[in-house]
Amino acid sequence: MDLAVVVLLQVLAAVASLALISVGLAVIFGMMRVINLAHGEFIMLGGYAVIYATRWGINLWVAMLIVAPLFVGLVGVIVERSVIRFLYGRMIDTMLATWGLSLLLIGAATMIFGNTTTGVSAPLGGVSIGQYQTSIYELVLIVIVAVILIGMMAILRLTKLGLIARATMQNPAMAASLGISTSKVYSVTFGAGAALSGMAGALIAPLSGVLPTMGVAYVAKAFITVISGGAAIITGTLSASGLLGTLNTLATFVATPVIGEVALLFAAIVLLRVLPQGITGKFFRRAL
Amino acid sequence: MSPRGRTVASVIGFVVSVAAIFVLPHWLELFTLINATIYVSMAIMTLSLALIWGYGGILCFGQAAFFGLGGYTYAVCAINFGDSTWAVVLAMVVPALFAALLGYFVFWGRIGDVYLGVITLTMTLIFFKLFNATAGDAYKIGSAALGGFNGIPSTPPLNLPWDVGTALAPEDIWYIAAGLLVLFYFGSRWLLSTSFGRVVISIRENERRTELLGYDIRRYKLGIFTIGGAMAGMAGILFANCVFVSPTMFSLFYNAQVIIWVTVGGIGTLLGPIFGSIALQMIVAELGTIDGLDPNLILGAILILFVLLVPKGVLPSLRVLWERFRKPPAVVEASPPTGRPAAGAQKATPSQQPAADAGGRS
């Protein structure tokens, strides 16, 4: 029984972390059809933002939930204005340019921070379920991810900003002729996606540590989750990370972590072969 | 350029490149020569991507999978057989078969550009993870321990076919590598001039139209993809001979590098990527020696600048310039002729110089 609860919690934690690292990328891909390969480095920057903010005496939670997203969001807007906006509609070129950006940021971070892992300790301690130990922070993380997704849903569905964003997503030309500055929308969207990535990096920093090359470990997984999810931002991310995260944890549980990772990747390949438009290309087509 | 001009340029290029292959070992020290061999092996891998991406229109983000598979197959077989002859053959056959299998999976599923990129990238990641996890005695193929993260440090060198006693020296491997690059370059050009190659190009131009003309596009894509896989496998063998086999061959870094080289050199050309790869490897190696400057920073900056300013790549932009200069015949600016394969590492750097001009004007 205890074991079942622990495994269930691990599955939830895996799904949550997959959703967390993918959601920033999903916003940018879903809204703008831009595949941002510098996503991993936005995560890395979020991690460093937390480490430096806490060193300057800012509360850890403030640093994770406010400072890191703001900082990385700002970086995102700068990137969008200086590089991405020249490349809209050229998917491959944006991929290459953001890949270049990714290498550039890794290089810059290595020069500034050095090629070593730094970390902050995870807050909140642990809790025991029967004879098993698990950290409270991981449980809180599940809740935070749920709040983020619900918040995004609310913003997209209920606010005027969300309406404008959805309109631009569906038909940019029509939105523009109705007086919406689409370039401003894109800029804000890219910033918001970057901010989400930054927050993701900040939230996983206590678990994984921060390293200039840490993004590489996440970008491929996030990329795969988003593409498997398809065009709908929230439903897609959630369904893909639900499927892949569960498979990953179960395979890890049965075999080894490596087999778990391989199972995740292999499942994604099969999924894309069966549903080339991703999960939401076939199911939940009208969802957000 | 007129067809006759092209032929003349090809002959000149062939002579120059063969001369360079034989002159370089006398000029360079052994260490530099081994480095040059690595550059050439990477150039072969770049050529394979230039072929399948630039001409076949197949955006493969996982060329390193074939590269690594070639290297590993070679190392494992050479250790087990004690003779590298069949190892070389198998190290081209295995990546080719794998490419065929993967190609069957994706092309018959009609999976397009970005999704294809994701699948191939994922494939490479799987290999990377799997081979990293092969540490310990449990993971042996015959007498070859896979060695996990460390790879197979004792990768045996090539020997003369069916003559185990004569292991080849680094100079010999240079001749083989450079010779193969020239061979593969002219081979690719020949392939693209056959009717098979023309259909492949027409698929890149317009998939649907080609299909409506009655060609089974899946087969043609599979064909060019398999050939690219075999070529990348060969690059893996040569790389394994200069360095050794390790899971880094499957890493994102190698994947990224080839794509960058093809982009910078020019998609849709063969010479551009070859020169692009050699020149960029030299530039990055040179700049990497400067203290405190990270090579990733340079590579990244180069890629961003090229995508923004010279999206077509160096060689196509130079061609545009060349055509522009040719209109008033008085101006015979020294724009390098096309048709100059593998003219050796030194020659590549100057041809990169006019890139900035090309970017401004086109």
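What covers the buried residues of H12(B)? I started from that question and noted the rest as I went.

**Ground rules.** I am reading a predicted model, in which local features need pLDDT of at least 70, side-chain atom pairs count only at pLDDT 80 or more, and totals for chains, interfaces and linings use all residues. Residues are numbered from 1 along each chain as its sequence is written, while chains are lettered from A and ligands numbered from 1 in the order in which they are written.

**Confidence.** I looked up the scores for the complex and found an ipTM of 0.78 and a pTM of 0.80. For chain B the mean pLDDT (the predictor's confidence in each residue, from 0 to 100) is 81, and 89% of the residues reach 70 or more. I marked residues 335-362 of chain B, where pLDDT stays under 50. The model has 61 contacts beyond four places in sequence for that stretch; a contact here is a pair of residues whose C-beta atoms, placed from the backbone, lie within 7 Å.

**Chain B overall.** I counted elements as DSSP runs numbered from the N terminus, helices being H or I with at least four residues and strands E with at least two. Chain B comes to 15 helices and four strands. Of its 362 residues, 50% are buried, where buried is 20 or more other C-beta atoms within 10 Å of a residue's own, exposed is 12 or fewer, and partly exposed is in between, with C-beta atoms placed from the backbone. Among contacts in chain B with a separation of 6 or more, 76% are between residues 24 or more positions apart.

**Helix H12(B).** Back to the opening question: the cover includes helix H4 (91-113) of chain A, together with H10 and helix H11 (271-288) of chain B. The buried residues of H12(B) are Asn296(B), Ile298(B), Leu299(B), Gly300(B), Ile302(B), Leu303(B), Ile304(B), Phe306(B) and Val307(B). I checked its length: 15 residues at 1.5 Å each should span 21 Å, and the end C-alpha atoms are 21 Å apart, which agrees. The expected span is 1.5 Å times one less than the number of residues.

**Interface.** I then looked at the contact between the chains, which takes 30 residues from chain B and 34 residues from chain A. On the chain B side, helix H5 (113-132), helix H10 (252-265) and helix H12 (295-309) are the elements that give two or more residues. H5(B) gives the most, with ten residues. By class, the chain B side has 22 nonpolar, six polar and two charged residues; Ala, Val, Leu, Ile, Met, Phe, Trp, Tyr, Cys and Pro count as nonpolar, Asp, Glu, Lys and Arg as charged, and the others, Gly among them, as polar.

**Core.** The largest nonpolar core (a set of buried Ala, Val, Leu, Ile, Met, Phe, Trp, Tyr and Cys residues joined through C-beta atoms within 7 Å) has 212 residues, and those touching the most other members are Ala49(A), Ala68(A), Ile44(B), Leu47(B), Leu181(B), Ala235(B) and Leu303(B). Helix H1 (residues 2-32) of chain A supplies the largest share of this core, 17 residues. Beyond neighbours within four places in sequence, I found Ala49(A) in contact with Val67(A), Ala68(A), Phe71(A), Val72(A), Gly198(A) and Ala202(A).

**Ser48(B).** Buried or exposed? Ser48(B) counts as buried because 31 C-beta neighbours lie inside 10 Å. Ser48(B) sits in helix H2 (residues 30-55) of chain B and, not counting residues up to four places away in sequence, touches Gln63(B), Gly228(B), Met231(B), Ala232(B) and Ala235(B).

**Helix H9(B).** I found 22 of the 26 residues of H9(B) buried, so this helix is largely enclosed by the rest of the structure. For helix H9 (residues 217-242) of chain B, the expected span is 38 Å and the end C-alpha atoms are 38 Å apart, which agrees.

**Hairpin in chain B.** Strand E3 (residues 159-160) is joined to E4(B) by two bridges, and the strands run antiparallel; at least two DSSP bridges are needed for a pair. Leu160(B) stands opposite Asp163(B) in E4(B). Two residues lie between the strands of this hairpin, and Trp162(B) in the turn has a positive phi of about 60°. Strand E4 (residues 163-167) is hardly covered, with zero buried residues among its five.

**Arg33(A).** Most residues other than glycine have a negative phi. I noted that Arg33(A) has a positive phi of about 55° although it is not a glycine. Arg33(A) lies in the loop between H1 and helix H2 (39-55) of chain A, and it counts as partly exposed because it has 14 C-beta neighbours inside 10 Å.

Definitions and conventions
Two residues are in contact if their C-beta atoms, placed from the backbone, lie within 7 Å.
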